[in-house]
Amino acid sequence: MVLEQIKVDCGPSMRVASEVRLRKLKDGKTTDEETVLILPSSDTLKIAWADNKTVTIELPDSQSQIVRYRNEWSGVHVGIVGEVISSAPKGLENL
């Protein structure tokens, strides 16, 4: 499994967002993937693997808004470090 941050332009609703995708690797190629975190930020996030089934993502600010969060996918637990402020928009999962 690999986790990568992709910066995307979401248009007028959110100028720049960071999307974190968890991907399965098989024979050096990616197979399945799931977006586990989306937040309106262009900052580089700190991502740390504790072991092969646990990863943490450090939020860029002391208070960050999250658009989407999934805390588990395909047996990998995804934790976030930091304070979340949000109005719980559509798609916010398992927070």
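## A walk through two sheets and a core

Eight bridges connect strand E2 with strand E3 (residues 29-39), and the two strands run antiparallel. That pairing is a good place to start in this predicted model. One rung of the ladder is easy to find: Leu 25 has Thr 30 in E3 as its bridge partner.

Now step back to the sheet around this pair. E2 and E3 belong to an open sheet of four strands, ordered E1-E2-E3-E6 and paired in the antiparallel sense. E1 and strand E6 (68-69) are at the edges; each has a single partner strand, so one side of each has no neighbour in the sheet.

Let us follow E2 along some of its residues. Ser 18 sits in this strand. Is Ser 18 buried or exposed? Its relative accessibility is 0%, and because buried means under 20%, Ser 18 counts as buried. Its surroundings can be read from its contacts: setting aside residues up to four places away in sequence, Ser 18 touches ten residues' worth of neighbours that include Gln 5, Ile 6, Lys 7, Leu 37, Ile 38 and Leu 39. Gln 5 deserves a second look. Although Gln 5 and Ser 18 are 13 residues apart in sequence, their C-alpha atoms are 6.4 Å apart in space, and a polar contact of 2.8 Å joins their side chains.

Next along E2 comes Glu 19. With a relative accessible area of 13%, Glu 19 is buried. Its side chain makes a polar contact of 2.7 Å with the side chain of Arg 21. Beyond its neighbours within four places in sequence, Glu 19 is in contact with Glu 4, Gln 5, Ile 6 and Val 8, and also with Thr 35, Leu 37 and Ile 38.

For contrast, turn to the loop between strand E1 (2-8) and strand E2 (17-26), where Arg 15 lies. Arg 15 is exposed, with a relative accessible area of 69%. Leaving out neighbours within four places in sequence, Arg 15 is in contact with Val 8, Asp 9 and Cys 10. The C-alpha atoms of Arg 15 and Ser 42 are separated by 9.5 Å, with their positions 27 residues apart along the chain.

The second sheet comes next. It is also open and has four strands, in the order E4-E5-E8-E7, but here the pairing is mixed. Strand E4 (46-51) and strand E7 (72-73) are the edge strands; each has a single partner, so one side of each is left without a neighbour in the sheet. E7 pairs with E8 in the antiparallel sense over two bridges, and Glu 72 stands opposite His 77 in E8.

What lies in the largest nonpolar core? This core has 15 residues, and those with the most contacts inside it are Leu 3, Val 20, Leu 22, Val 36, Leu 37, Ile 57 and Val 78. The elements giving two or more residues to this core are E2, E3, strand E5 (54-64) and strand E8 (76-84). Val 36 is a handy residue to display: not counting residues up to four places away in sequence, Val 36 touches Leu 3, Val 20, Leu 22 and Val 78, as well as Arg 68, Tyr 69, Arg 70 and Trp 73.

Trp 73 leads to a last stop, the aromatic rings. Lys 24 lies over the face of Trp 73, at 5.5 Å from the ring centre. How many aromatic pairs does a search of the whole structure find? The search finds zero.

How values were computed: Residues are numbered from 1 along each chain as its sequence is written. This is a predicted model: local features need pLDDT of at least 70, side-chain atom pairs count only at pLDDT 80 or more; totals for chains, interfaces and linings use all residues. Side-chain values use heavy atoms; hydrogens and water are left out. Buried means under 20% relative accessible area, exposed over 50%, partly exposed in between (1.4 Å probe, protein chains only). Contact means heavy atoms within 4.5 Å. Two strands pair if DSSP finds at least two bridges between them. A nonpolar core is a set of buried Ala, Val, Leu, Ile, Met, Phe, Trp, Tyr and Cys residues joined through side-chain atoms within 4.5 Å. A polar contact is a pair of N or O atoms within 3.5 Å; within protein, one must be able to donate a hydrogen and the other to accept it, and residues adjacent in sequence count only if both atoms are side-chain atoms. Rings of Phe, Tyr and Trp (its six-membered ring) pair if their centres lie within 6.5 Å; planes under 30 degrees apart count as stacked, over 60 as edge-to-face and the rest as tilted. A charge sits over a ring if NZ of Lys or CZ of Arg is within 6 Å of the ring centre and within 35 degrees of the ring normal.
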